[in-house]
Amino acid sequence: MSVKVNISVKQKGFKLPTGCRLLIRKACNATLAYEGFCEPSQIDVSIVNDEIIKEMNRDYRNIDASTDVLSFPLGENGEYDINPENGAYMLGDIVISYEHAEAQANLYGHSFERELAFLTVHSMLHLLGYDHVNGGMEQAIMREKEEAILDLLGLAINKV
């Protein structure tokens with residue numbers, strides 16, 4: 001399985017800590033493997049500040065507040081556009097607020113790396129069609145998958 005994860009930092013003067021790019025790629029790959037998605041794939045991940053993610057949340061979701069992560073799936077019902085240059089399924093875009101991730105890691109008492117991986121896995125599941133808007137069973141299924149994938153990455157809640 002060939003997975004292309006394009007990572008960009010859209011925060012002037014900010015540098016992503018060492019190892020975080022690799023962690024994001026591993027989280028994307030682990031999610032696809034866990035879900036049995038074996039097609040060549042392409043995902044774009046942007047790391048932004050709270051100001052940028054607040055603008056995006058307002059513009060795309062009509063919610064005038066910052067958030068931790070936004071997902072922009074490019075597929076529907078398992079159908080994805082294919083990049084004509086490389087034949088990869090274009091799964092979509094992930095936007096993560098570095099500031100939110102850092103604050104949540106502190107709030108929940110775990111590492112920044114675990115929070116970054118969690119947000120990436122969570123968003124990847126959205127790109128693959130999962131949702132939790134109505135809570136209940138859908139939310140429980142997503143949470144179970146998130147923890148199983150984090151466990152595969154060695155980042156289960158009890159291990160960090």
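Strands β1 (residues 3–9) and β2 run parallel and are joined by seven bridges, in what is a predicted model. On its way between these two strands the chain passes through helix α1 (residues 20–34), and β1, α1 and β2 together make a left-handed β-α-β unit. The points below take up the strand pairing, the nonpolar core, the largest pocket and two loop residues.

**Strands around β2**

- Within the pairing of β1 with β2, N6 stands opposite D44 of β2.
- Strand β2 also runs parallel to strand β4 (residues 89–97), to which eight bridges join it, and in that pairing the bridge partner of Q42 is M90 in β4.
- Strand β2 (residues 41–48) is mostly covered, with seven of its eight residues counted as buried.

**Nonpolar core**

- The largest nonpolar core holds 37 residues, and the members that touch the most others are I24, I43, V45 and L91.
- At least two residues of this core come from each of β1, α1, β2, β4, α3, α4 and α5, and α4 gives the largest share, with nine residues.

**Largest pocket**

- The largest pocket encloses about 740 Å³ of space, and of the 35 residues that line it, S71, H122, H126, H132 and M142 are the closest to its centre.
- Strand β3 (69–73) and the helices α3 (98–108), α4 (112–127) and α5 (136–152) each contribute at least two residues to the lining of this pocket.
- Helix α4 provides the largest share of the lining, seven residues, just as α4 provides the largest share of the largest nonpolar core.
- By residue class, the lining of the largest pocket divides into 14 nonpolar, 12 polar and nine charged residues.

**Loop residues with positive phi**

- N62, which is not a glycine, has a positive phi near 55 degrees, and its place is in the loop between α2 (50–61) and β3.
- Because its relative accessibility is 71%, above the 50% cut-off, N62 counts as exposed.
- N77 likewise has a positive phi, of about 55 degrees, although it is not a glycine, and N77 lies in the loop between β3 and β4.
- The relative accessibility of N77 is 74%, and therefore N77 also counts as exposed.

Methods: Residues are numbered from 1 along each chain as its sequence is written. This is a predicted model: local features need pLDDT of at least 70, side-chain atom pairs count only at pLDDT 80 or more; totals for chains, interfaces and linings use all residues. Side-chain values use heavy atoms; hydrogens and water are left out. On a 1 Å grid over the protein atoms alone, a cavity is a set of points where a 1.4 Å probe fits but cannot get out, and a pocket is an open set with protein on both sides within 12 Å along at least five of seven lines; lining residues have an atom within 4 Å of a point. Grid points are joined across faces, edges and corners, and a volume is the space filled by probe spheres set on the points. Helices (H or I, at least four residues) and strands (E, at least two) are DSSP runs, numbered from the N terminus. Ala, Val, Leu, Ile, Met, Phe, Trp, Tyr, Cys and Pro count as nonpolar, Asp, Glu, Lys and Arg as charged, and the others, Gly among them, as polar. Buried means under 20% relative accessible area, exposed over 50%, partly exposed in between (1.4 Å probe, protein chains only). Two strands pair if DSSP finds at least two bridges between them. A crossover is right-handed if, with the strands pointing away from the viewer, the path from the first strand over the helix to the second runs clockwise. A nonpolar core is a set of buried Ala, Val, Leu, Ile, Met, Phe, Trp, Tyr and Cys residues joined through side-chain atoms within 4.5 Å.
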